[in-house]
Each structure stands twice: as C-alpha cells, then as structure tokens.
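Hi,

Here is the structure I promised to send over. Have a look at it first, and my notes follow underneath.

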Amino acid sequence: MMKNTNNAMSKEPEKGRIFIVSAPSGAGKTTLCRRLRDRFPDLRYSVSHTTRPPRPGETDGVDYYFISKEEFLAGVDSGRWAEWAVVHGNYYGTSVNFLTRCIRNGLDVLMDIDVQGGKQIMDKFPEAVGVFIMPPSMEVLEQRLIKRGQDKAESIQTRIVNAEQEIAEKEIYRYIIVNDNLESAAGELISLVESYRSGSHEN
Ligand code: ADP
Ligand code: 5GP
C-alpha cells in the first residue's frame, strides 16, 4: 500500500519563529516592541531574568523576573540561559526552557535583548530574525535619554558609549530600522514581522 505523505498527521509541526529586537538604550526599542505586541497579541514576549532592581511601575514576571545575582550565576552553571550578558553592570538572561518550549509548540517569540545576547541567539538559532533599531543620530539619542528622565547624567554617558559599541555591530542583524518618525518605524517593524508570519518570506 502507498504511504500517504500528504497526511496532515505525518507533517512536521510548524516551528515557532524567533524575532530579536536590539537597539542602543534610548533608541525606542521598548516603545516599538509595545506597538508590535499590541498588533500581534499572540506573539510570546520573552520575559528576561535580571539582577537589576525593578524600576517604579515594573512588575515581577511581567517586565522581568527580578532575581538575585546568586540565583543568576547558579543558572549560568546549570545551563538555564539560552543567552546571557552583563548590560550596564547588571546580569540579564533568557530562559532556555521558555524559548525551546515556544519554538516546539509553534509559538512565535519576541526577544528584547542586547547585541551580546542577539549574537548568541543568532549563533544557536540561525533562522532567528534579527532587527536592529537605530536612532536617527547620537544627538537625538542623547536628547531622548534626557527627556525620558530615568537615568542620571553619568548613566546617560555610559549608555552613549555603549550605544556606539552596539551600533558598530549592527551589521550582524538581518534588518536595520531607523526610528526617526515613530509611526513610520513602527509600521516598518510590524510589516516585517507580518511578512514572516504570513509566509511571504522564504525563511
Ligand atoms: P529604549 O527601550 O530603546 O531604551 P524607549 O522606548 O524607552 O527606548 O524610548 C526612549 C524615549 O524616546 C522614550 O521617552 C520614548 O517615548 C521616546 N521615543 C521613542 N521613539 C521615539 C520617536 N520616534 N520620536 C521621538 N521620541 C521617541
Ligand atoms: P533595561 O534594564 O533598560 O530594561 O535593559 C537594558 C538592556 O538589556 C536593553 O538593551 C535590553 O534589551 C537588554 N536586555 C533585556 N533583557 C535581556 C536578556 O535577557 N538578555 C540580554 N542579553 N539583554 C537583555
């Protein structure tokens, strides 16, 4: 008897996709990711673990899982993180269990991580779609950081220095979006994700 290879039961289940969004601090990544999540509520947001203390308004388990340095480092030893990095003096990491479970179950994941983490994920998951958000200029970046009012002057300078290093590595990302006009940048990001999710992209 001929085997029916078109049988839906015999088909490999579709794997979830990974969308990585990275940007220098202040470029507008949080704002753009929020727009993306509003547009695609089924996109699973990868809630990172961090040793940074919560900022006012942040909720444990929603914005981040806030954990101790001891717990974080134990996680490094036990292979708990799919990627991890030290950013602005604090540890940040993504749960390998969360990521693999989503992919296996065909759920698309949005990761808001820095360039060090982006590199690690793209090495492990070459099909991950990396998007780098650029500020229109360093002057505008500094103005946005000042206007946001969350960081002290010294911390803003650290972020500017880090920004230059991150921008120097932007070519490892498949896409670069300049966040000048918010509506245009959000539209570009949404269209890009839409094209992958609707299957109009090959990979
Ligand atoms: P990030 O998450 O990259 O650090 P945020 O999303 O917090 O950046 O944005 C930094 C600041 O810039 C916020 O105050 C935000 O409202 C503002 N912002 C974001 N995108 C734009 C834009 N296109 N034009 C002007 N201001 C913006
Ligand atoms: P913030 O503390 O301002 O929320 O984030 C600081 C930086 O850490 C941002 O660039 C953010 O993308 C990055 N980040 C957040 N979570 C992770 C993570 O799990 N891994 C890595 N590598 N970076 C992260």
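Phe72, Trp81, Trp84 and Tyr91 come together as one aromatic cluster. Before you read too much into any of this, keep in mind that the model is predicted.

A search of the whole structure turns up nine aromatic pairs. One of them sits inside that cluster: the ring centres of Phe72 and Tyr91 are 5.2 Å apart and the planes meet at 40 degrees, so this pair is tilted. Phe72 belongs to helix α2 (residues 69–78) and Tyr91 to strand β6, so to speak a link between distant parts of the chain, 19 residues apart. Phe72 has 0% relative accessibility and therefore counts as buried. Tyr91 is also classed as buried, because its relative accessibility is 17% and the cut-off for buried is under 20%.

Another pair to look at is Tyr175 with Tyr196, which is edge-to-face, with 6.2 Å from centre to centre and 80 degrees between the planes. Tyr175 is in strand β9 (residues 175–178) and Tyr196 in helix α7 (residues 182–197), so the two rings tie together parts that are 21 residues apart in sequence. Tyr196 is buried, at a relative accessible area of 2%, whereas Tyr175 is partly exposed at 21%.

While you're on the rings, check Tyr45 too: Arg37 lies over its face, 3.9 Å from the ring centre.

Now for ligand 2. There are 15 residues around it, and Lys29, Arg52, Tyr64, Tyr92 and Asp112 come nearest. By type, the shell around ligand 2 splits into six charged, five nonpolar and four polar residues. Strands β5 (81–87) and β6 (90–95) each supply at least two residues of that shell.

The polar contacts of ligand 2 that I noted involve its oxygen atoms:

- Tyr92: a side-chain N or O atom is 2.4 Å from an oxygen atom of ligand 2.
- Arg52: here the distance from a side-chain N or O atom to a ligand 2 oxygen atom is 2.6 Å.
- Thr94: a polar side-chain atom lies 3.4 Å from an oxygen atom of ligand 2.

Taken alone, ligand 2 exposes 510 Å², and the protein buries 92% of that.

One last residue, Arg104. Arg104 lies in helix α3 (residues 96–104), and it counts as exposed because its relative accessibility is 58%. Its C-alpha atom is 18 Å from that of Ile20, and the two residues are 84 apart along the chain.

Cheers

Conventions
Residues are numbered from 1 along each chain as its sequence is written. Chains are lettered from A and ligands numbered from 1 in the order in which they are written. This is a predicted model: local features need pLDDT of at least 70, side-chain atom pairs count only at pLDDT 80 or more; totals for chains, interfaces and linings use all residues. Side-chain values use heavy atoms; hydrogens and water are left out. A residue is near a molecule or strand if one of its heavy atoms lies within 4 Å of it. A polar contact is a pair of N or O atoms within 3.5 Å; within protein, one must be able to donate a hydrogen and the other to accept it, and residues adjacent in sequence count only if both atoms are side-chain atoms. Accessible areas come from the Shrake-Rupley method with a 1.4 Å probe; for residues, only the protein chains shown count as cover. Helices (H or I, at least four residues) and strands (E, at least two) are DSSP runs, numbered from the N terminus. Ala, Val, Leu, Ile, Met, Phe, Trp, Tyr, Cys and Pro count as nonpolar, Asp, Glu, Lys and Arg as charged, and the others, Gly among them, as polar. Buried means under 20% relative accessible area, exposed over 50%, partly exposed in between (1.4 Å probe, protein chains only). Rings of Phe, Tyr and Trp (its six-membered ring) pair if their centres lie within 6.5 Å; planes under 30 degrees apart count as stacked, over 60 as edge-to-face and the rest as tilted. A charge sits over a ring if NZ of Lys or CZ of Arg is within 6 Å of the ring centre and within 35 degrees of the ring normal.
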